[in-house]
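Work through the exercises below with the sequence and the structure side by side. Try each task before reading its solution.

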Amino acid sequence: MPKLHFEDAVNFLIEELAKIPEAGPGQTSARQQRAYGSDVWIDLVSRQYWDSRGIQISNMSQDEIEPYVAPLYDAAWELCRRGVLRPAAAVPAGQSSANQIGQRINAAPFFGDGYSLTAWGREWVRKAASERTTMPSAPGRLTEVLHQFKVLFGEGYAQRAAEAVSDWRTGNYLSACTMAGAAAESILIAAAISKSEDEAKVLSEYRTSRGRTNVIKLVTAGTATGLGERFTNALGILAYWRDDAGHGTASTIGEIEAHEAISRLLRLAQFTSDNWAALTN
């Protein structure tokens with residue numbers, strides 16, 4: 001039986017959410033037709049996903065269908081937890097139905113299929129739709145993706161990347177940002193050591209007052225036009241997540257910031273890996 005991984009379900013759902021037109025006057029009827037008064041109807045999304053892969057789930061029994069659709073329901077709830085979605089109709093507006101929760105006219109009660117975008121979520125999915133495929137949602141798979149660079153960047157990087165994901169998953173967001181920054185630091189140092197072939201010198205330089213700037217210059221020196229600038233920009237994760245998160249003052253860093261820090265770490269790792277020869281020769 002084909003399997004749908006949780007992170008793939010999240011990515012597919014985000015892609016579908018990004019296609020939803022802007023809410024506005026005159027769209028109530030369209031919403032009723034599209035998703036029973038909600039922005040997205042998971043049962044319909046499930047059928048769409050499997051239909052596109054040549055698998056008809058409509059006539060399956062409840063026991064047969066559950067493994068196919070459960071990841072998409074989990075994905076919807078994950079996006080609720082993040083504040084992207086909320087359960088039920090887009091605009092309930094006080095409507096009710098006897099012994100049910102939800103709209104009473106042309107809209108279904110909330111049994112777990114209907115979800116609607118929050119105002120913030122509508123903006124978020126636009127951005128996430130273009131980036132999410134590089135950022136798996138399941139912590140186990142995310143750690144695996146980050147660890148594919150372990151041979152290149154070293155055990156220190158792998159340890160810090162894994163801790164960043166673990167801290168994010170357990171709600172320790174400040175720590176997650178700090179560890180993501182530390183892992184990014186490991187990437188920079190690994191590139192510098194590979195280029196200079198002098199580990200002791202790089203580590204000694206990095207510990208000086210302007211060490212980070214000097215080590216970045218070491219790596220970017222002699223690179224093709226634009227490459228050094230892109231690498232430096234990608235290392236922006238250090239200037240914020242490593243420095244600001246690591247300060248001793250009280251922090252307002254939350255889940256969204258932690259997720260963004262790990263996402264940027266992954267993009268930095270992928271970019272550095274793709275351009276390793278150009279950066280280190």
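The exercises that follow concern a predicted model.

**Exercise 1.** Find how many residues the largest nonpolar core has, and which helix gives the largest share of this core.

Solution. Step one: the largest nonpolar core has 45 residues. Step two: among those with the most contacts inside this core are L146, F153 and W168. Step three: helix α9, residues 173–196, supplies the largest share, 14 residues. Step four: take F153 as a case; residues up to four places away in sequence aside, F153 touches S186, I187, A190, A269, T272, S273 and W276. A second core, separate from this one, has 30 residues, including V45 and L72.

**Exercise 2.** Decide whether S196 is buried, partly exposed or exposed.

Solution. Step one: locate S196 in helix α9. Step two: the relative accessible area of S196 is 27%. Step three: buried means under 20% and exposed means over 50%, so a value in between counts as partly exposed. Step four: S196 is therefore partly exposed. Leaving out residues up to four places away in sequence, S196 touches V202 and L218. The C-alpha atoms of S196 and N281 are 8.9 Å apart, while 85 residues separate the two in sequence.

**Exercise 3.** Determine which strands are joined to β3 by bridges, and how many bridges each has.

Solution. Step one: strand β1 (residues 40–41) runs antiparallel to β3, with two bridges; V40 has Y115 as its bridge partner. Step two: strand β2 (residues 85–87) is also antiparallel to β3, with three bridges; here L85 is opposite L117. Step three: check the faces of β3; G114 and S116 on one side are buried, as are Y115 and L117 on the other.

How values were computed. Residues are numbered from 1 along each chain as its sequence is written. This is a predicted model: local features need pLDDT of at least 70, side-chain atom pairs count only at pLDDT 80 or more; totals for chains, interfaces and linings use all residues. Side-chain values use heavy atoms; hydrogens and water are left out. A nonpolar core is a set of buried Ala, Val, Leu, Ile, Met, Phe, Trp, Tyr and Cys residues joined through side-chain atoms within 4.5 Å. Buried means under 20% relative accessible area, exposed over 50%, partly exposed in between (1.4 Å probe, protein chains only). Helices (H or I, at least four residues) and strands (E, at least two) are DSSP runs, numbered from the N terminus. Contact means heavy atoms within 4.5 Å. Two strands pair if DSSP finds at least two bridges between them.
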